[in-house]
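Please have the model open in your viewer, with a surface representation and a residue selection tool at hand. The stops below go from the outside of the fold to its enclosed spaces and then to a few backbone details.

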Amino acid sequence: MPSTFFGLTIASSGMSTAQAVLNTTGNNISNEKTTGYSRQVANQQATRALRAYAVHGMLGSGVEVTSITQERDRYYDLKYWDNNSLLGEQTAKNNYMLQIEDAFNEMTTEDSGFTAEYKEFFDALDTLSTDASSSVKRDAVVNYGASLADYLNNIHTNLSNLQEDINTEVSNKVDQINTLSSQIAALNKQIATTEATGVAANDLRDRRAVLLDTLSGIVPITVKETTNANGKTDFSVKMEGYTLVDNDSAGSLTLVAREDKVNSTDIEGLYDVYTYYDPATGVGNKLNLSAFDSGELKALIDLRDGNNGVTDPSDP
């Protein structure tokens with residue numbers, strides 16, 4: 001026969017469960033503005049019933065919280081990472097294409113830029129053709145020709161400076177990829193340690209997802225998480241076949257300054273990106289970033305190098 005306090009035990013379990021649910025709700029509200037936070041829910045079930053040797057049989061013994069889990073759909077994570085890579089590419093291209101437009105200074109009013117310089121020079125030539133002996137008209141041709149040459153030289157300087165800026169950003173993005181990969185690997189280790197005890201590492205998983213959000217904007221990534229028979233989780237992040245993260249191990253990309261120019265007008269010291277490089281032998285595995293599907297890094301390489309990586313046909 002159940003104890004006289006059996007009803008109080010049931011009531012106590014209900015109050016404890018309700019308190020856990022309220023705490024979870026409070027945590028959700030507190031993190032409303034937290035970037036990457038996923039709403040959590042307290043899962044509950046009836047506790048083990050007691051056998052009662054009476055007509056009514058088993059007696060319910062109350063309720064308990066079995067786990068606190070995230071309300072997060074992995075399908076949408078994967079879709080977001082795919083599309084964020086496309087957004088990253090187009091955002092980077094838009095940013096630098098606007099700067100290229102500024103370099104050419106081609107205004108719709110047609111009173112500045114290449115159109116204006118070209119028109120003034122050839123108008124002066126056309127005027128000179130009607131009176132080639134006029135020193136005034138010859139001087140006008142020389143002056144407008146010098147102005148056109150200065151304009152073209154200024155464009156070359158501006159585009160060279162822009163190429164150098166993009167090259168610097170390539171370096172920054174590669175450093176960011178390496179940093180994010182290391183941080184994700186460290187979080188994987190913490191998550192594995194926490195979840196080995198049977199507790200869901202919700203907050204750690206949110207932090208990892210935020211890092212993956214950032215990484216997916218730079219390069220297209222493939223994220224795979226599998227649970228083994230022993231309950232251990234394997235987690236990997238790949239970039240076009242190259243493994244950036246394998247559980248708690250992180251790969252590292254290397255920047256190598258070019259010795260030979262791809263195009264004759266390139267500045268010195270443009271970076272290539274390698275997954276492996278031996279400076280002693282000069283042997284390594286270079287990434288063909290132009291062949292990537294999307295991402296900021298692909299956009300930067302396309303903008304910096306042009307010609308889709310093909311050698312300038314005008315070069316000897």
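Begin by selecting Phe114, Tyr118, Phe122, Leu125 and Leu152, which together make a nonpolar surface patch of about 420 Å². Patches are built here from residues with over 30% relative accessible area and no salt bridge, like charges being joined within 9 Å and nonpolar side chains (Val, Leu, Ile, Met, Phe, Trp, Tyr) within 5 Å; the accessible areas come from the Shrake-Rupley method with a 1.4 Å probe, and for residues only the protein chains shown count as cover. Helix H3, residues 113–130, is the element that gives the most to this patch, with four residues, where helices (H or I, at least four residues) and strands (E, at least two) are DSSP runs numbered from the N terminus. Tyr118, which is found in helix H3, counts as partly exposed because its relative accessibility is 40%, the classes being buried under 20% relative accessible area, exposed over 50%, and partly exposed in between (1.4 Å probe, protein chains only).

Before going further, keep in mind that this is a predicted model, in which local features need pLDDT of at least 70 and side-chain atom pairs count only at pLDDT 80 or more, while totals for chains, interfaces and linings use all residues. Residues are numbered from 1 along each chain as its sequence is written, and side-chain values use heavy atoms, with hydrogens and water left out.

Next, turn to the charged pairs: a search of the whole structure finds 18 salt bridges, each being a side-chain nitrogen of Lys or Arg within 4 Å of a carboxyl oxygen of Asp or Glu. Select Glu296 and Lys173, whose closest N and O atoms are 2.9 Å apart in one such bridge. Glu296 lies in helix H6 and Lys173 in helix H4 (residues 135–195), so this pair ties together parts that are 123 residues apart in sequence. Buried or exposed, what are Glu296 and Lys173? Both of them are buried.

Then move to Glu225 and Arg208, whose side chains meet in a salt bridge at 3.7 Å, N to O. This pair links distant parts of the chain, with Glu225 in strand S3 (residues 222–227) and Arg208 in helix H5 (residues 202–218), 17 residues apart. Glu225 is partly exposed, with a relative accessible area of 25%, whereas Arg208 is buried, with a relative accessible area of 5%.

For the third pair, select Arg258 and Asp272, which form a salt bridge whose closest N and O atoms are 2.9 Å apart. Here too distant parts of the chain are linked, Arg258 being in the loop between S7 and S8 and Asp272 in strand S8, 14 residues apart. Both Arg258 and Asp272 are buried. Extend the selection to Lys286, Arg304 and Asp305, since salt bridges that share partners join these residues with Arg258 and Asp272 into one network.

Stay with this selection and display the largest pocket, which holds about 420 Å³ of space. Of its 21 lining residues, the closest to its centre are Arg258, Val262, Asp272, Tyr274 and Lys286. Strand S7 (254–257), strand S8 (271–278) and helix H6 (296–305) are the elements that give two or more residues to this lining, and S8 gives the most, with five. The lining divides into ten nonpolar, four polar and seven charged residues.

On a 1 Å grid over the protein atoms alone, a pocket is an open set of points with protein on both sides within 12 Å along at least five of seven lines, a cavity is a set where a 1.4 Å probe fits but cannot get out, and lining residues have an atom within 4 Å of a point.

The count comes to one cavity of 30 Å³ or more, and the largest cavity has a volume of about 50 Å³. Among the residues to select around this cavity are Arg258, Val262, Asp266 and Leu270.

Finally, inspect the backbone at Glu240, in the loop between strand S4 (233–239) and strand S5 (242–246), where phi is near 50°, a positive value in a residue other than glycine. Asn247, in the loop between S5 and strand S6 (249–250), likewise has a positive phi, near 55°.

Notes
Points joined across faces, edges and corners; volume = space filled by probe spheres on them. Nonpolar A, V, L, I, M, F, W, Y, C, P; charged D, E, K, R; others polar.
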